[in-house]
Amino acid sequence: MTKRHGYALLAALLAVIVVVSAAIYVGVNGTGVDGEDRIGAGPGGPRSSAAPASAGTWVATWSASPAGAEPGTGERGMAGRSVRNVVHTGVGGESVRITLSNLFGTQPLTVTHASVAVAAASNNPGAAVGTLRRLTFRGDTSVVIPPGRQIVSDAAGLRVPHDTDLLVTTFSPVAAGPVTYHPHARQISYVADGDHTEDPSGAAYQEQSPYWRYLTAVDVLSSETEGTVVVIGDSITDGISSTMGANRRWTDGLAARLREEPGAPRYSVVNQGISGNRVLSDGRPGHPGGPGANPSGLSRFDRDVLNRTGVKAVVVALGINDVLRNRGTDARRITDGLRELARQAHTRGLRVVGATLTPFGGHRGYSPALERVRQSVNAEIRSGKVFDEVTDFDRALRDPYDPRTLLDRYDSGDHLHPSDEGFRRMAHTFTPSDLRGSADAAL
């Protein structure tokens, strides 16, 4: 053998070694590492819905925080019924996976079938032709979720458009309650008797529901989106006063801006608002949803914010309920709690934008003493000593002639929650470039 032939043979052997090593690496690193019971695509699973290998970034296109246990479901749960959740996407992708939660359940939750589809039309339980995909969990169509846990499905190959409705359907054959839910969805979902998870038609879904049940996140594999912005907040972020089924929460408006505006960071936006939520303490005793319902911002921050898929930046819009409901709470305790949220985000290298507390003059809970607390919290936020950046929702929404109150056109009527126009104003007040960069180590 000549020396030239010897070099050629050696080069060929090295090429084979590189290819084999790469294949081993991909196989070993195919599972999730987000600190959950993530279930990756198993080699023995069905091929009909499995997502093909594809370049891109996994980001959250929709999410909702589990807020409590649904009243009246403690015994049977949703046994023998199909739950078809309708959710709205912020960004699109080529593959999709979901997160199911049994956080507030007291029994194992058995899901024997689950599916995802693009809706045929807005606010409609029917699937667009050819889009329904069976979901699997480690290659199996059924999964058992222990109490207090959540599970992520395998990825399914489905072209998911941005700014559209998805249908995510689950079927549970046996009693398992109570149901983990998000009560103020501002979106109608649907329920059917029997297993109709793979029915493209919405004919069987005769019962409407204002809740999201079990489903807490939808992720997509996107080649156009670089990461996720997670917004943690209360009823104002939850959009409790926005038009039902119209996707007019302020976070929806921000998502559209980040998707469409030249120069804006290409991030998805997910809404982790819970109505009535506070920074410092859990929901009131007797709050609908049972013990542990409406967990405080501090207690849920790791699960609902830091562990969301692809998180790159955090927005904190909490504190008004600490003022209104804990009348003995002073401004310092609230700002210390907000500062702790920022500190936790900084440990992950995440940038944090904080919102000032909006006016509530004229609301039944208003008092001059509470207004002074709100003003003190806002002064500390504006000082730059709490967050990396500030979005001033107070200044954007207040009446310039009476800064204690919302401007009339931004007021939904209860003098606390914004109108659709108020939510739009909030979305356009936000400065997208504030989301870029790393955490400010000085905080």
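Ala, Val, Leu, Ile, Met, Phe, Trp, Tyr, Cys and Pro count here as nonpolar, Asp, Glu, Lys and Arg as charged, and the others, Gly among them, as polar. The structure is a predicted model, in which local features need pLDDT of at least 70 and side-chain atom pairs count only at pLDDT 80 or more, while totals for chains, interfaces and linings use all residues. Residues are numbered from 1 along each chain as its sequence is written, and side-chain values use heavy atoms, with hydrogens and water left out.

**Exercise 1. Describe the lining of the second largest cavity, by residue, by element and by class.**

Step 1. On a 1 Å grid over the protein atoms alone, a cavity is a set of points where a 1.4 Å probe fits but cannot get out, and lining residues have an atom within 4 Å of a point. The count comes to two cavities of 30 Å³ or more, where a volume is the space filled by probe spheres set on the points, and grid points are joined across faces, edges and corners.

Step 2. The second largest cavity has a volume of about 40 Å³, and its lining is made up of Ala64, Ser65, Pro66, Thr180, Tyr181, His182, Trp212, Tyr214, Leu215 and Thr216.

Step 3. Two or more of these residues come from each of strand 13 (180-182) and strand 17 (215-222), strands being DSSP runs of E with at least two residues and helices runs of H or I with at least four, numbered from the N terminus. Strand 13 gives the most, with three residues.

Step 4. Sorted by class, the lining has six nonpolar, four polar and no charged residues.

**Exercise 2. Find which residues Leu215 is in contact with, and place the nonpolar cores of the model.**

Step 1. Contact means heavy atoms within 4.5 Å. With neighbours within four places in sequence left aside, Leu215 is in contact with Trp62, Asn85, Val87, Ile98, Thr99, Leu100 and Val168.

Step 2. A nonpolar core is a set of buried Ala, Val, Leu, Ile, Met, Phe, Trp, Tyr and Cys residues joined through side-chain atoms within 4.5 Å; buried means under 20% relative accessible area, exposed over 50%, and partly exposed in between (1.4 Å probe, protein chains only).

Step 3. Leu215 is also one of the residues with the most contacts inside the largest nonpolar core, which has 34 residues, and the others named there are Val96, Leu100 and Val218. Apart from this core lies another, of 32 residues, among them Val230, Val311, Leu324 and Ala342.

**Exercise 3. Are the partners in the salt bridges of Asp193, Arg257 and Arg303 buried or exposed, where this is given?**

Step 1. A salt bridge is a side-chain nitrogen of Lys or Arg within 4 Å of a carboxyl oxygen of Asp or Glu, and the structure holds 26 of them.

Step 2. Asp193 pairs with Arg81, the closest N and O atoms being 2.9 Å apart. This pair links distant parts of the chain, since Asp193 is in strand 14 (residues 189-193) and Arg81 in strand 4 (residues 81-88), 112 residues apart. Asp193 counts as exposed, because its relative accessibility is 57%.

Step 3. Arg257 pairs with Glu261 at 2.7 Å between the closest N and O atoms; Arg257 is buried at 10%, whereas Glu261, at 28%, is partly exposed.

Step 4. Arg303 and Asp304 have their closest N and O atoms 2.9 Å apart, with Arg303 partly exposed at 22% and Asp304 buried at 1%.

Key. 1 Å grid on protein atoms, 1.4 Å probe; cavity = no way out; pocket = protein on both sides within 12 Å on 5 of 7 lines; lining within 4 Å.
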